[in-house]
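Hi,

Here is the structure I promised to pass on. Have a look at it first, and my notes follow below.

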Amino acid sequence: MAQMKLDANLFIDGHWVEGKAGSQPNIDPGTGEPVGVVALADTSQVQAALDAAHRAFPLWSALTGQSRGAVLKKASSLLIDRMHEIADGLLLESGKTRADAIGELRRTIETLAWNGEEASRICGKVHQGVVAGSIRLSVPTALGVVVAITPWNFPAVLIGRKLGAALAAGCTVVLKASEFTPYTARAIVQTLVDAGVPNGVINLIFGHPVAVSSQLMASSLVKAVSFTGSTSVGKQLAALAAPNLIRPIFELGGHAPVIVWKDADVENVVQVTAPAKFGSAGQSCVAPTRYIAHHSVHDALVDALVTKAKTYKLGHGTEDRTTLGPVAHGGRVVSFLQLIEDAVAKGAVINTGGKTLERPGYYVEPTVLSSVSRDSEILAEEPFGPVATVQSVEDIDEAIELANAAEYSFAAYVFTDSIHVRDELVRRLNASNIGVNQTAPSLPDVALGGLGNSGYGYEGGTEGVLAYMHLRLISQTHG
Ligand code: NAD
């Protein structure tokens, strides 16, 4: 497996082609060494991808939902056969552990299958007409060419989520996947193509992100942009999309609080939240990060988190017993160290971790910080790493104040047996995805989307497919 070559070309109008703007290395974050190259598109190739998607739209959108769904379901079953091979590449280029890579691919398989089923369930409504004998039809219609832009932290399932829903709806796609995880994008696209997606329906490009996205958003051919990534880039894309009134579907950053009330079993809190905290090295938009504990359980929670953090075996995804991999690239290490330094300068205590590993690659220790001052950057900025902060509070008002202090509204977690406390916290939390005594997974069958700085629109569920459709109103009377 060490010899695996994780190259990725561009896929335009049914052909894999080299990039006319050259290439860049695909780096294994576990070693810092290249494991392949990724092709970069020039402006003519970005335009060719848009043109191909535009040409393919009439035929793809005219197929029955059942036919489009059959392709998605075939892709899902092909992915089952390819899962272990793709996991080998995914873990090398992303830094995930094997368990995380396999888990993500299983979710991708489910996502393609669910959207394949949903394609045949798409339906409109018949309303009464305004005069006798007339009716009004509300008819969902595919929007057209969709631009999908995806990050590196879940390189398979986020592509599966966007492509699954857009293709089910009858749209065609130009996918700009992350240059940090190009092999996984190539593998998912190839699987869809092998399942029967016609030429031009999916086009995959990589390139200089600012130049490529500016060109894509300037095109009148594009009808929607589905972006998952950071809030800052999302705001730039929103501004670029506005002049052409391109419909935005944005899943952005998060900074999830975990409120642990006095009646909670802290050992259980840690067992339940640790996989979401330390899985994928904490690089998840729903990762529980800001633990806010009633003062009576604060110390016990810190101890339990420290004990759990120390059980992780930090290492390369190919090494036996690794349970926590590296972060995705050098920039994440710099950001992690800066946030820790700032917190400590403002009085935080490092209960465990806080350092990098003395070995090639981008390894940061699982970290627990307590006594974190309210003005610490780590409480405002998404840390996107294996770090948990713990703050102590006296009452519910203070817990809500701290939880709602970050400018994100995505995931939040509440641990209590009290119905009264639960209801009050859920009502007052500024969050769109709340786990009560459990985590809050993003599953294919239910709509989920961020609020405020965490985005707008939905992915998942019926609403996730309708996001790529327009409801046309047909009012008709017999002639
Ligand atoms: P990112 O915003 O840096 O990059 C995401 C995508 O945008 C990549 O394809 C990248 O090449 C491209 N991009 C980067 N800079 C750009 C620019 N200036 N203009 C246009 N495109 C640009 O995000 P990331 O670091 O790859 O991913 C991590 C972020 O994604 C975190 O903020 C995380 O919370 C968020 N995320 C959100 C969800 C969700 O469902 N809400 C899920 C996963 C990740």
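There are zero disulfides in this structure, and keep in mind as you read on that the model is a predicted one. A disulfide is a covalent bond between the sulfur atoms of two cysteines. Take Cys-123 as an example: the closest cysteine sulfur belongs to Cys-171 and sits 17 Å away, which is too far for a bond, since a disulfide needs the two sulfur atoms within 2.5 Å. In case you are thinking about the cysteines at your bench, Cys-123 is exposed, at 59% relative accessible area. Cys-285 comes out as partly exposed, with a value of 22%.

Next, a stretch of strands and helices that is nice to trace on screen. Start at strand β8, residues 172-176. Is this strand mostly covered or mostly open? Mostly covered: five of its five residues are buried. Thr-172, Val-174 and Lys-176 point one way from β8, while Val-173 and Leu-175 point the other way. Both sets are buried, and that includes the lysine, Lys-176.

β8 has a partner in β7 (residues 145-149), and the two pair in the parallel sense over five bridges. If you want a spot to find that pairing, look for Val-145, which stands opposite Thr-172 of β8. The link between these two strands goes through helix α4 (residues 157-169), and β7, α4 and β8 together make a right-handed β-α-β unit.

β8 also pairs with β9 (residues 202-205): four bridges join them, and the two run parallel. Here Leu-175 has Leu-204 in β9 as its bridge partner. From β8 the chain passes through helix α5 (residues 182-194) to reach β9, and this β-α-β crossover is right-handed too.

While you are in that part of the chain, you could also pick out Val-225. This residue lies in strand β10 (residues 222-228) and is buried, with a relative accessible area of 0%. Its C-alpha atom is 13 Å from that of Ala-177, and the two residues are 48 apart along the chain.

Now the pockets. What lines the second largest pocket? The pocket holds about 230 Å³ of space, and 15 residues line it. Those closest to its centre are Val-139, Pro-140, Thr-141, Ala-142 and Met-469. Three elements give two or more residues to the lining: α1 (43-62), β6 (135-142) and β20 (469-476). Of the elements, β6 gives the most, with four residues. By type, the lining divides into nine nonpolar, four polar and two charged residues.

Last, two backbone oddities, in case you run into them while browsing:

- Asp-13 has a positive phi of about 55 degrees although it is not a glycine. You will find Asp-13 in the loop between β1 (10-12) and β2 (15-17), where it counts as partly exposed at 26% relative accessibility.
- Ser-371 is another residue other than glycine with a positive phi, near 50 degrees. This serine is in the loop between β15 (367-370) and α11 (377-380), and it is partly exposed as well, at 45% relative accessibility.

That's the lot from me. Shout if anything is unclear.

Cheers

Key. Residues are numbered from 1 along each chain as its sequence is written. This is a predicted model: local features need pLDDT of at least 70, side-chain atom pairs count only at pLDDT 80 or more; totals for chains, interfaces and linings use all residues. Side-chain values use heavy atoms; hydrogens and water are left out. Buried means under 20% relative accessible area, exposed over 50%, partly exposed in between (1.4 Å probe, protein chains only). Two strands pair if DSSP finds at least two bridges between them. A crossover is right-handed if, with the strands pointing away from the viewer, the path from the first strand over the helix to the second runs clockwise. On a 1 Å grid over the protein atoms alone, a cavity is a set of points where a 1.4 Å probe fits but cannot get out, and a pocket is an open set with protein on both sides within 12 Å along at least five of seven lines; lining residues have an atom within 4 Å of a point. Grid points are joined across faces, edges and corners, and a volume is the space filled by probe spheres set on the points. Ala, Val, Leu, Ile, Met, Phe, Trp, Tyr, Cys and Pro count as nonpolar, Asp, Glu, Lys and Arg as charged, and the others, Gly among them, as polar.
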